[in-house]
Number of protein chains: 2
Amino acid sequence: MLRLYDYLASGNAYKARLLMRLLDRPFERIDVDILEGESRTEEFLRKNPEGRIPVLELDDGTCLFESNAILCYLAEGTPWLPGDRLDRARVLQWLFWEQYSHEPNIATVRHWVKHVGVPEDKRALFEQKRALGVKALSVMERHLEGRPYFVGDRCTVADLALYAYTHVADEGGFDLGPFPRIRAWLDRVADRPGFTPITQR
Amino acid sequence: MLRLYDYLASGNAYKARLLMRLLDRPFERIDVDILEGESRTEEFLRKNPEGRIPVLELDDGTCLFESNAILCYLAEGTPWLPGDRLDRARVLQWLFWEQYSHEPNIATVRHWVKHVGVPEDKRALFEQKRALGVKALSVMERHLEGRPYFVGDRCTVADLALYAYTHVADEGGFDLGPFPRIRAWLDRVADRPGFTPITQR
């Protein structure tokens, strides 16, 4: 059975958890307490040299890391990852954009605000990341004009990846009030059969 | 014909340029002077709302952004992107890792050192990124133990993406001396037929 090395509050881990539930795919959840250093042990570093969750362990012990690569692996051959070459590339485009321009800002700000407090020597970086987080939300809002989902007219892993930290952006102090298209899109994603919230073990 | 919105010194743009040459695929290069704000014009933001190069424009005017998504689009159906599901996911894993753990550190440090100088208020961030850059090189060095390339026994887009900023890491002050496996791997990649250096227009 698939094993997911998981941390409940992590949006990155939630991506994999959510997709496996949407696909009705059974898996074993293994809690890794990242705040207590459990992702930095020698044993864990053999699964992911970067020391981060999520990690997906396959039946034969093979470990995959990087949340968006795990999404693509699980979604291959399902409607969550288009077969068409250009649409596939567009899905990847948003997945890479999420990891470069969205997550390092919105998720990091949320992590500081919600879990560990803003480090005293990182106040300037915090403000910069807040501004870049708002910029990322603006890019999403503009892209969603006249579109139900990020790529084509169906929900794909691009939407799931972006959903993960956008729907909890308020926990980092981001206000989704000025982004009505994002709010309507969040509702559409959460409306999918089999959808489970981030808090569900 | 394919059009690449390009900036010669950019490792991200080089990825697409290099792969198209390795594939012997003709394309038109359009220079965008990112230091002069040419990637921030209204016209350019319609091609990539993030205001970054590279952008690949297809025959019908469709624009793709995010360097690693462009790599996957171009490589689809070629030996540069494996067809096997697990190997494909491993390639994606390294592509996402490159954009999250490698490029933001090694490329940013190089950009500051080579192009614009280290901003006075970013000295602490600079030091942090240098340390994370060295950590990224260490992860690569360890992974290359007993492996000729990052995934399987052939050169894939994962190698090209990682090559782009690793081979110019010295321009950011990174010393590849302690990383013999990385140096041997760089040589292997540069030895591919059709390979062109980053300086070639």
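# Two chains and two domains: a predicted model

Good morning. I shall begin with a local detail of chain B: B:Pro54 is found in the loop between helix 2 (42–47) and strand 3 (55–57) of chain B. The peptide bond that leads into this proline, from B:Ile53, is cis, with omega near 0°. I should say at once that the model is predicted.

Chain A has a corresponding entry. There the bond from A:Ile53 to A:Pro54 is cis, with omega near 5°, and A:Pro54 is placed in the loop between helix 2 (42–47) and strand 3 (55–57) of chain A. One further backbone feature belongs to chain B. B:Asp24 has a phi near 55°, a positive value in a residue other than glycine, and this residue sits in the loop between helix 1 (11–22) and strand 2 (27–31) of chain B. As background, most residues other than glycine have a negative phi, and most peptide bonds are trans.

Let me turn to the relation between the chains. Chain A is superposed on chain B by a rotation of 180° with 0.0 Å of shift along its axis, and the RMSD is 0.0 Å. This is the relation of a two-fold axis. The same surface serves both copies, since 100% of the contact residues of chain A recur in chain B.

How much area do chain A and chain B bury between them? The figure is about 3600 Å², with 61% of it on carbon and sulfur atoms. Within the part that chain A buries against chain B, A:Arg85, A:Phe96 and A:Tyr100 supply 22%, more than any other three residues. In terms of residues, the contact takes 39 from chain A and 39 from chain B.

The polar side of this interface can be described as follows. The rule finds four salt bridges across the interface of chain A and chain B. One salt bridge joins B:Lys135 to A:Glu50, whose closest N and O atoms are 2.9 Å apart. Across the interface of chain A and chain B there are also 12 residue pairs in polar contact, with both residues at pLDDT 80 or more.

Which elements of chain A supply at least two residues each to the side that touches chain B? They are strand 4 (63–65), helix 3 (67–75), helix 4 (85–116) and helix 5 (123–143). Helix 4 of chain A provides the largest share of that side, 16 residues. By residue class, the side of chain A that touches chain B divides into 20 nonpolar, six polar and 13 charged residues.

I now move inside chain A, which is divided into domain 1 (2–75) and domain 2 (85–190). The C-alpha centres of these two domains of chain A lie 21 Å apart. Their contact takes 16 residues from domain 1 and 17 residues from domain 2 of chain A. The area buried between domain 1 and domain 2 of chain A is about 1200 Å², and carbon and sulfur atoms give 68% of it.

Which polar links cross this domain interface? The rule finds one salt bridge between domain 1 and domain 2 of chain A. A:Glu98 forms a salt bridge with A:Lys15, and the closest N and O atoms are 3.0 Å apart. The count of residue pairs in polar contact between the two domains of chain A is seven, both residues being at pLDDT 80 or more.

On the domain 1 side, helix 1 (11–22) and helix 3 of chain A are the elements that give two or more residues to the surface touching domain 2. Helix 1 of chain A gives the most, with seven residues. The residues of this side of domain 1 of chain A divide into nine nonpolar, five polar and two charged.

Finally, a word on salt bridges in the whole structure, which holds 32 of them over all chains. Among them, the side chains of A:Arg29 and A:Asp6 meet at 2.6 Å, N to O. This pair links distant parts of the chain: A:Arg29 lies in strand 2 (residues 27–31) of chain A and A:Asp6 in strand 1 (residues 2–6) of chain A, 23 residues apart.

Thank you for your attention.

Terms used
Residues are numbered from 1 along each chain as its sequence is written. Chains are lettered from A and ligands numbered from 1 in the order in which they are written. This is a predicted model: local features need pLDDT of at least 70, side-chain atom pairs count only at pLDDT 80 or more; totals for chains, interfaces and linings use all residues. Side-chain values use heavy atoms; hydrogens and water are left out. Contact means heavy atoms within 4.5 Å. Buried area is the accessible area (1.4 Å probe) that two parts lose on being put together, summed over both. A polar contact is a pair of N or O atoms within 3.5 Å; within protein, one must be able to donate a hydrogen and the other to accept it, and residues adjacent in sequence count only if both atoms are side-chain atoms. Helices (H or I, at least four residues) and strands (E, at least two) are DSSP runs, numbered from the N terminus. Ala, Val, Leu, Ile, Met, Phe, Trp, Tyr, Cys and Pro count as nonpolar, Asp, Glu, Lys and Arg as charged, and the others, Gly among them, as polar. Copies are superposed by least squares on the C-alpha atoms of residues with pLDDT of at least 70 in both. Domain bounds come from an automatic or database domain assignment.
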